[in-house]
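Here is a short tour to read with the model open beside you. Let us go from the overall layout to the strands, and then to the side chains.

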Amino acid sequence: MAKPPSRSILKMIFTNFVNSFRPRQISGTLKGEDYFGNKYYEIAADPSIGKRKPSRWFEPANKEAFDQERTAEWDAWLRGRRDDPPTKEELSYNLSIIEMKQSNAKKIDEKFGTNQDNKIVTGMAFPSYDEYERVPGKKPGEK
């Protein structure tokens, strides 16, 4: 039987060290843009160098804004839950559904009126029963 080629640890360390000096691809390929103006990029996976997953990121339209908005479709693509980026048709269809829901909510508000004050309730209100003790160790009715 032929002996399989041995893996030298020193050779692996040396080749990884030399490969670490090679220039890397810093700019990815533009995969798309959402209706907020964010641009999405990807560097494809390369199993030959040990990179099993693609690198994905986005550049926000407003880089100074702390809270960045992303669509659910692009967020799923960024996190690797879907392989292919969303199409323009899919994004426009979902945007139309969002706009329809917003207009329906506005119609319901106008129809039924939301004149109620939105009060913030602080603390918790628990029901109290006479047969249960309110203070641990004291019988009901005692103070």
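## Ground rules and overall layout

Two strands are taken to pair if DSSP finds at least two bridges between them. With that in hand, please keep in mind that this is a predicted model.

The secondary structure comes to 3 helices and 3 strands, and along the sequence these follow the pattern α-β-β-β-α-α. The protein has 143 residues, of which 14% count as buried.

## The three strands

Let us start with the strands. Strand β1 covers residues 29-33, and its pairing with β2 is antiparallel, over 4 bridges. One pair of partners to look up is Glu33 with Lys39, the latter in β2. In the hairpin of β1 and β2, 5 residues lie between the strands. Gly37 has a positive phi in this hairpin, near 100°.

On to β2 and strand β3 (residues 55-59): they also run antiparallel to each other, and here the pairing extends over 5 bridges. Within β3, the residue opposite Ile43 is Ser55. How many residues of strand β2 are buried? For β2, residues 39-43, the count is 4 of the 5, so the strand is largely enclosed by the rest of the structure.

## Charged pairs across the strands

Side chains of opposite charge can pair when their charged atoms come close. In this model the count comes to 6 salt bridges. One of them joins Lys31 and Glu42, with 3.5 Å between the closest N and O atoms. This pair links distant parts of the chain, since Lys31 sits in strand β1 and Glu42 in strand β2, 11 residues apart.

Is Glu42 buried or exposed? Glu42 has a relative accessibility of 12%, and because buried means under 20%, Glu42 counts as buried. Lys31, in contrast, has a relative accessible area of 36% and is partly exposed.

Glu42 also forms a salt bridge with Arg56, and there the closest N and O atoms are 3.0 Å apart. Here again distant parts of the chain are linked: Glu42 belongs to strand β2 and Arg56 to strand β3, with the two 14 residues apart. Both Glu42 and Arg56 are buried.

## A charged network

Further along the sequence, have a look at Arg70 and Asp75, whose side chains meet in a salt bridge of 2.6 Å from N to O. Which residues are joined to this pair? Arg70, Asp75, Arg79 and Arg81 make up one network, joined by salt bridges that share partners.

The partners in the Arg70–Asp75 bridge fall into separate exposure classes: Arg70 is partly exposed at 31% relative accessibility, while Asp75 is buried at 15%.

## Aromatic pairs and a cluster

Now for the rings. A search of the whole structure finds 6 aromatic pairs. Among them is the pair of Tyr35 and Phe36, which is tilted, with 5.0 Å from centre to centre and 50° between the planes. Tyr35 is partly exposed at 34% relative accessibility, and Phe36 is also partly exposed, with a relative accessible area of 34%.

Tyr41 and Trp57 form a stacked pair, at 5.9 Å centre to centre with 20° between the planes. Why does this pair tie together separate parts of the sequence? Tyr41 lies in strand β2 and Trp57 in strand β3, so the pair connects parts that are 16 residues apart in sequence. Tyr41 is buried, with a relative accessible area of 15%, whereas Trp57 is partly exposed at 26%. There is also an aromatic cluster, formed by Tyr40, Phe58, Trp74 and Trp77.

## Helices and a surface patch

Finally, the helices. Helix α1 spans residues 9-19 and contains Phe17. Together with Phe14, Val18 and Phe21, Phe17 makes a nonpolar surface patch of about 460 Å². An α-helix has 3.6 residues a turn, so residues three or four places apart point the same way.

Helix α3 runs through residues 88-112, which is 25 residues. From first C-alpha to last, α3 reaches 36 Å, close to the 36 Å expected at 1.5 Å a residue. The helix is followed by Gly113, which has a positive phi near 70°.

Note on methods
Residues numbered from 1 in each chain as written. Predicted model: local features only at pLDDT ≥ 70, side-chain atom pairs only at ≥ 80, totals over all residues. Heavy atoms only, no water. Expected span 1.5 Å × (residues − 1). Patch = residues over 30% accessible without salt bridge, like charges linked within 9 Å, V, L, I, M, F, W, Y side chains within 5 Å. Areas by Shrake-Rupley, 256 points an atom, 1.4 Å probe, with all protein chains shown as cover. Salt bridge = Lys/Arg side-chain N within 4 Å of Asp/Glu carboxyl O. Buried < 20%, exposed > 50% of the residue type's maximum accessible area, 1.4 Å probe, protein only. Phe/Tyr/Trp six-rings, centres within 6.5 Å; stacked < 30°, edge-to-face > 60°.
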